[in-house]
Amino acid sequence: MKRIITFAGLFAMMIFAAAQSPELKKVSREKMLERFISYVKIESQSVDDPDMNSFPMTEGQKRMAQKVFDDINAMKGKDVKVTMSEDFYVYVDIPSNMKKEVPSIMFMAHLDVTPEAPGNGIKPMIHENYDGGDIVLPAGITLSPESPQGRHLKQLKGKTIVTSDGSTLLGADDKTGCAVLVSLVEELVNNPKFKHGHIMLTFSQNEDVGKAAMRYEPSAFNTKPDVVIDLDGDTYDKFSVANFTAIGQSFLFKGNKAHASNGKQTQYADALTAAAYFIGLVPPEMNPSSREGEEGYIHCYALMQPDNNANDYVVKVRLRYFDQEEGKYQKQLMEDNLRKTQEAFPFVKASKTGDDMQYENIAYTLPGYVPDIIKKAAHDAGMEMTPKKSRGGTTSAMMVAHFPDQMPGGSDLYSGQNAEHSCYEWCCIEELLQMVSVAENIISELTKRG
């Protein structure tokens, strides 16, 4: 009997054949789970050192860098170059396999985890086929889909959820991003027919203490990427198209040991009161507690004494703004406040001793076509993502601040992390796989712009 194959049937057979083709081989759920667990077991907390000129490295950070380096090196990708710097940044360089020129792309993730929550003795727990209810952790806390920390769990019934035991953070920030990007490299190595432009990956250190760009080496790639994507987001349906500009300022108020009884005659320099007066000059409506949306703020967040000097005080200030005109206003306000303090307390030597650009607004240099590419790439991977303006900073924002001529602004995408910087931290393994597909789709969309 003659076998009749309809067009629909032929199409289904083609899809099935493609699924079996080695060109489309995907990282399995089991492999992703194994990779992620191996990363979170490495205790790679960075150290919040108040000395902004230092770059402390913990042994765990070094081990994490070595692990990522070894994992990628073991893939034996013919054209994949992986290097590790003296400061334990890992760089991966994959040349274009296309004849025409298309936009290059750099993906980023960070190897350290925050020091803001307990991070020693991490015991990852795997919750297979999640039932949709509360997850009670051994340390006595409950991760609930009805809580702010677990609200996204409502969409993940039947999936694979990973948590800590509740006594520590998990390290999903940003071990999820690391696992996604290492898996992306694996898929590129396994699928040599997949067309792509020049791809670069940077795994940075000390991001969670604001120093991801401090020891980055642009010479690692000898080129400026056209597009940058940071895999370090915590919102599954959003990606950043703007963020604060962040400036850190320090003001020194020098006092003396003159007796207060005859303070005018002895020219008593009351540095503590002068510093308090200076702080009080910031309008309450500029305090973070009064600001939202796209409003910036001025935050005098620390009043401290320098080492071994009981007469002096230092005030540390955060300036945050989206709009450059607001930034000019904030800077001028602090200059005016310093002048007013100097006039009010003439015996106190008041000065600005530090002005550090910590991260820059990516919106100023983000290529205009990137948001549409991200939305389409996510849609094609089964996700709906919309742009947001972030009241915070990212690795990309730090890179733009330090290397404005060598790095365009880059969007921050969901990496799979949830409830980061806390003992409630968790992720979903299936979403990590989904983000690999999003990254591949972005690469594919860029090939159409040649």
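Student: How should I read the contacts between residues at least 6 apart in sequence, and what share of them joins residues at least 24 apart?

Tutor: In this predicted model, 80% of the contacts between residues at least 6 apart in sequence join residues that are at least 24 apart. The protein chain in which these contacts are counted has 450 residues, and 52% of them count as buried.

Student: Which helices and strands should I keep in mind, and what box do the C-alpha atoms fill?

Tutor: The protein chain has ten helices and 17 strands, and its C-alpha atoms fill a box of roughly 115 × 55 × 40 Å along the principal axes. The accessible surface comes to about 20,800 Å², and 51% of that area belongs to carbon and sulfur atoms.

Student: Where is the largest nonpolar core, and which residues have the most contacts inside it?

Tutor: A nonpolar core is built from buried residues of the nonpolar kinds, joined through side-chain atoms within 4.5 Å. The largest one here has 64 residues, and those with the most contacts inside it are Phe-36, Phe-107, Phe-203, Leu-413 and Ile-442. Helix α10, covering residues 429–447, gives the most to this core, with ten residues. Apart from that core lies another, of 23 residues, among them Tyr-89, Met-106, Ala-213 and Ala-242.

Student: What does Phe-203 touch, leaving aside residues up to four places away in sequence?

Tutor: The residues touched by Phe-203 include Val-68, Ile-72, Phe-88, Tyr-89, Val-90 and Val-92, and also Ala-109, Leu-111, Cys-178, Leu-181 and Val-182.

Student: How do I read a sheet, and which strands stand at the edges of the one that holds β4, β7 and β17?

Tutor: In a regular strand the side chains alternate between the two faces of the sheet. The case to look at is an open sheet of three strands in the order β4-β7-β17, with antiparallel pairing. Strands β4 (125–127) and β17 (426–428) stand at the edges with a single partner strand each, so one side of each has no neighbour in the sheet. The twist from one strand to the next averages 20°. Strand β7, residues 161–163, pairs with β17 in the antiparallel sense over three bridges, and Thr-163 stands opposite Trp-426 in β17. Helix α10 lies across β7 and β17, running at about 60° to β17.

Student: Is strand β11 mostly covered or mostly exposed, and which strands are joined to it?

Tutor: Strand β11, residues 245–254, is mostly covered, with nine of its ten residues buried. Nine bridges join β11 to the antiparallel strand β13, residues 313–321, where Tyr-313 stands opposite Phe-253. Nine bridges also join β11 to strand β14, residues 349–359, again running antiparallel, and in β14 the bridge partner of Gly-248 is Asp-356.

Student: How do I read the helices, taking α4 and α9 as cases?

Tutor: An α-helix has 3.6 residues a turn, so residues three or four places apart point the same way. Helix α4, residues 172–190, has 19 residues and reaches 26 Å from its first C-alpha to its last, close to the 27 Å expected at 1.5 Å a residue. Of those 19 residues in α4, 17 are buried. In helix α9, residues 395–402, seven of the eight residues are buried, so the helix is largely enclosed by the rest of the structure. The buried residues of α9 include Thr-395, Met-398 and Val-400, and what covers the buried residues of this helix includes β3 (105–110), β8 (199–204), β9 (227–233), β10 (238–243) and β14.

Student: Where does the backbone depart from the usual values of phi and of the peptide bond?

Tutor: Most residues other than glycine have a negative phi, and most peptide bonds are trans. Here the peptide bond from Asp-173 to Asp-174 is cis, with omega near 10°, and Asp-174 has its place in helix α4. Phe-88, although not a glycine, has a positive phi of about 65°, and this residue lies in the loop between β1 (81–84) and β2 (90–94). Asn-206 has a positive phi near 60°, lies in the loop between β8 and β9, and is buried, with a relative accessible area of 0%.

Student: Why does Ala-269 count as buried, and what does it touch?

Tutor: Buried means under 20% relative accessible area, and Ala-269 counts as buried because its relative accessibility is 3%. Ala-269 is placed in the loop between α5 (263–266) and α6 (271–280), and it touches Lys-254, Gly-255, Asn-256, Phe-347 and Val-348, not counting residues up to four places away in sequence.

Note on methods
Residues are numbered from 1 along each chain as its sequence is written. This is a predicted model: local features need pLDDT of at least 70, side-chain atom pairs count only at pLDDT 80 or more; totals for chains, interfaces and linings use all residues. Side-chain values use heavy atoms; hydrogens and water are left out. Buried means under 20% relative accessible area, exposed over 50%, partly exposed in between (1.4 Å probe, protein chains only). Helices (H or I, at least four residues) and strands (E, at least two) are DSSP runs, numbered from the N terminus. Contact means heavy atoms within 4.5 Å. Two strands pair if DSSP finds at least two bridges between them. Axes are lines fitted to C-alpha atoms, for helices over the stretch in contact, and angles run from 0 to 180 degrees between N-to-C directions. The expected span of a helix is 1.5 Å times one less than its number of residues. Accessible areas come from the Shrake-Rupley method with a 1.4 Å probe; for residues, only the protein chains shown count as cover.
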